[in-house]
Structure formats: structure tokens, C-alpha cells
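Student: I have a new structure in front of me and would like to learn how to read its pockets and cavities. Could you walk me through them?

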Amino acid sequence: MYVFTCKQEFEDMMCCIYTAWERALRVGHDQLRLEVEPVEQMQLFDEYIHVDADHEKFEKVTRSIQRKISMQAFVSVYYVAMSNEPDAIDVIYRFLIRGFSMGEVVLDHLTDPCVQRFFEIRRSVGNEAHFFREFARFTSIDNRFYVCHLEPKNNVILFVGEHFADRMPSEHWMIIDDNRSIAVVHPKDGENYLRTLTTEELREFEQLEDQQDLYTDMWKTFFDTIAIRQRENRNCQRNMIRIWMRKHVTEFR
């Protein structure tokens with residue numbers, strides 16, 4: 001078995017798929033597997049092949065998905081690539097095998113286990129992005145810019161950032177993924193961009209989150225005031241916002 005591995009970055013993953021496909025033309029798709037690094041447990045008799053990003057290969061794969069399947073399929077592939085599931089890249093690969101053979105109708109071929117798994121992961125990433133759009137809380141820093149901390153399981157801050165770019169276009173703000181040390185930065189009236197944070201920068205922004213201001217107190221007061229204590233239902237509340245999502249939610253801190 002040939003195991004192709006790469007970094008958990010979209011461009012690297014697409015290049016890994018391209019390289020694995022080249023090998024599959026000689027040995028068959030069933031003789032290989034794709035994994036993201038770090039590989040948790042290597043098998044004794046498997047051959048592991050690391051793949052680096054290559055812009056030309058990346059362009060070929062993305063262009064082929066859009067032309068031979070559809071733009072909707074490409075968007076779904078991107079969502080699945082942002083998943084933290086260990087089999088995500090291999091699921092994308094198996095989906096593309098069917099997609100390049102069937103075309104756009106593969107999106108409706110939900111009886112196929114590979115397609116089912118593909119959309120299961122895609123739905124999970126989309127749901128988490130939706131949750132964090134609802135529960136993202138910003139801290140005002142000197143009334144000049146806003147900072148939001150998230151700790152999502154999947155890499156969804158770009159999706160969350162697109163939401164707030166539409167709703168807060170004329171503000172300076174930043175959404176930080178503490179798990180991955182990356183941030184979506186939005187300059188006033190500008191475009192979002194992704195930035196990797198150093199350990200020192202991340203520590204500084206974590207300290208800023210503890211700042212309290214008038215709006216923080218007002219929001220907590222509003223949250224407590226509208227609650228009806230006699231109708232408090234902790235089980236329902238946990239279903240609506242999971243406990244692991246509450247760490248950076250102002251009203252729960």
C-alpha cells in the first residue's frame with residue numbers, strides 16, 4: 001500500500017491528490033491511501049510518500065474539479081478539506097474518483113458510501129461554521145478595533161470571517177483561532193486576509209480578552225435580565241450551544 005501524506009493546508013492537499021492520482025494510473029486506486037501529517041501510526045509494510053505544495057499541480061486539480069464536476073462540488077471539496085477528521089483527504093480523493101467518472105450527478109449519488117461520508121463531513125464543517133457565526137463575541141480594544149477568540153474543531157474561521165466582513169465592513173477586527181494560531185484580519189473597508197500568529201502575539205491577544213468595558217457589562221446584564229429563571233433548562237441550553245464552545249462566549253465567562 002502506498003500512503004501519500006501532506007500538510008493540512010488546502011493547496012498541499014490538492015497537490016497530494018494530484019500526485020497520488022499519477023501513481024494510481026499505474027497501480028490502481030485501491031493500492032493507495034492519503035493522510036494528512038502528522039501521521040498518527042505508521043503501518044509496517046506501507047510505503048509513505050510526502051508531497052509538497054506545487055502551484056501548477058494545485059491549479060490543475062482545482063480547474064479539473066470545477067470543469068469536470070461543478071463549482072458546487074469544488075466548494076464542497078474546500079469545506080471537507082477544512083475538516084479535522086483524519087480521513088478527510090482520503091474521502092475527498094474517493095469522492096473525486098466518482099466525480100470525474102460521473103460528472104455533476106455525483107452530488108446526488110448519496111447511496112454511495114464514499115459520497116455519503118463526503119457530505120457527512122461537509123455538513124459537519126458547515127454546521128460548526130454556522131454555530132460560531134452565531135456565538136462569536138468581540139472585545140473592543142481602546143475603541144479602535146475588535147478581537148474575537150474561537151477554538152473550533154475544524155478550520156472554519158475563514159467562513160466566519162466572510163460573515164462578519166459583510167456585516168462589519170467599516171471596522172477593524174480580527175478573529176483568532178487559538179487552536180491553530182492563525183487569524184483572519186479585516187482592515188477597515190478592506191479585504192480579509194489570513195495571518196499566522198507567533199506564540200508571543202497569541203499570548204498578548206489572550207490577555208486582551210480579559211478586558212472589561214461598558215458594553216461587556218451591558219451585554220451580561222441583558223443576558224441575565226431576559227432569562228426566565230423558572231423556565232431554565234440546562235439540557236436544552238447545552239443542545240443549543242455546546243459546553244466546549246462557551247469558553248470565549250462573553251455571557252458564559
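Tutor: We will go from the whole chain to its pockets and then to its cavity. Please keep in mind that this is a predicted model.

Student: Happy to start there. How many helices and strands does the chain have?

Tutor: Counting elements gives us a map to refer back to. Here the chain holds nine helices and eight strands. Its C-alpha trace spans about 65 × 40 × 40 Å along the principal axes.

Student: What share of the residues is buried?

Tutor: A residue counts as buried when its relative accessible area is under 20%. By that cut-off, 42% of the 253 residues in this chain are buried. As for the outside, the accessible surface is about 14800 Å², and carbon and sulfur atoms account for 49% of that area.

Student: Now the pockets, please. What is the volume of the largest pocket, and which residues lie nearest its centre?

Tutor: A pocket is an open space, whereas a cavity is one that a probe cannot get out of. The largest pocket has a volume of about 610 Å³. Its lining has 21 residues, and Phe223, Asn233, Gln237, Ile241 and Phe252 lie nearest the centre.

Student: Which element gives the most to that lining?

Tutor: That is α9, with five residues of the largest pocket's lining. Both α8 (214-226) and α9 (234-240) supply at least two residues each. By residue type, this lining has ten nonpolar, two polar and nine charged residues.

Student: And how is the second largest pocket lined?

Tutor: This pocket, with a volume of about 420 Å³, is lined by 19 residues. Phe138, Tyr215, Thr216, Trp219 and Thr250 are the ones nearest its centre. Two or more lining residues come from each of β4 (138-141) and α8. The largest share is that of α8, with five residues. Sorted by type, the second largest pocket's lining has six nonpolar, eight polar and five charged residues.

Student: Let's turn to enclosed space. How many cavities of 30 Å³ or more does the structure hold?

Tutor: There is one cavity of that size or above, and about 80 Å³ of space lies in the largest cavity. Its lining includes Phe132, Phe135, His149, Leu150 and Glu151, along with the run Trp244, Met245, Arg246, Lys247, His248 and Val249. The elements giving two or more residues to this lining are α5 (113-135) and β5 (145-150).

Student: How do the lining residues of the largest cavity divide by type?

Tutor: Six of them are nonpolar, two polar and three charged.

Key. Residues are numbered from 1 along each chain as its sequence is written. This is a predicted model: local features need pLDDT of at least 70, side-chain atom pairs count only at pLDDT 80 or more; totals for chains, interfaces and linings use all residues. Side-chain values use heavy atoms; hydrogens and water are left out. On a 1 Å grid over the protein atoms alone, a cavity is a set of points where a 1.4 Å probe fits but cannot get out, and a pocket is an open set with protein on both sides within 12 Å along at least five of seven lines; lining residues have an atom within 4 Å of a point. Grid points are joined across faces, edges and corners, and a volume is the space filled by probe spheres set on the points. Helices (H or I, at least four residues) and strands (E, at least two) are DSSP runs, numbered from the N terminus. Ala, Val, Leu, Ile, Met, Phe, Trp, Tyr, Cys and Pro count as nonpolar, Asp, Glu, Lys and Arg as charged, and the others, Gly among them, as polar. Buried means under 20% relative accessible area, exposed over 50%, partly exposed in between (1.4 Å probe, protein chains only). Accessible areas come from the Shrake-Rupley method with a 1.4 Å probe; for residues, only the protein chains shown count as cover.
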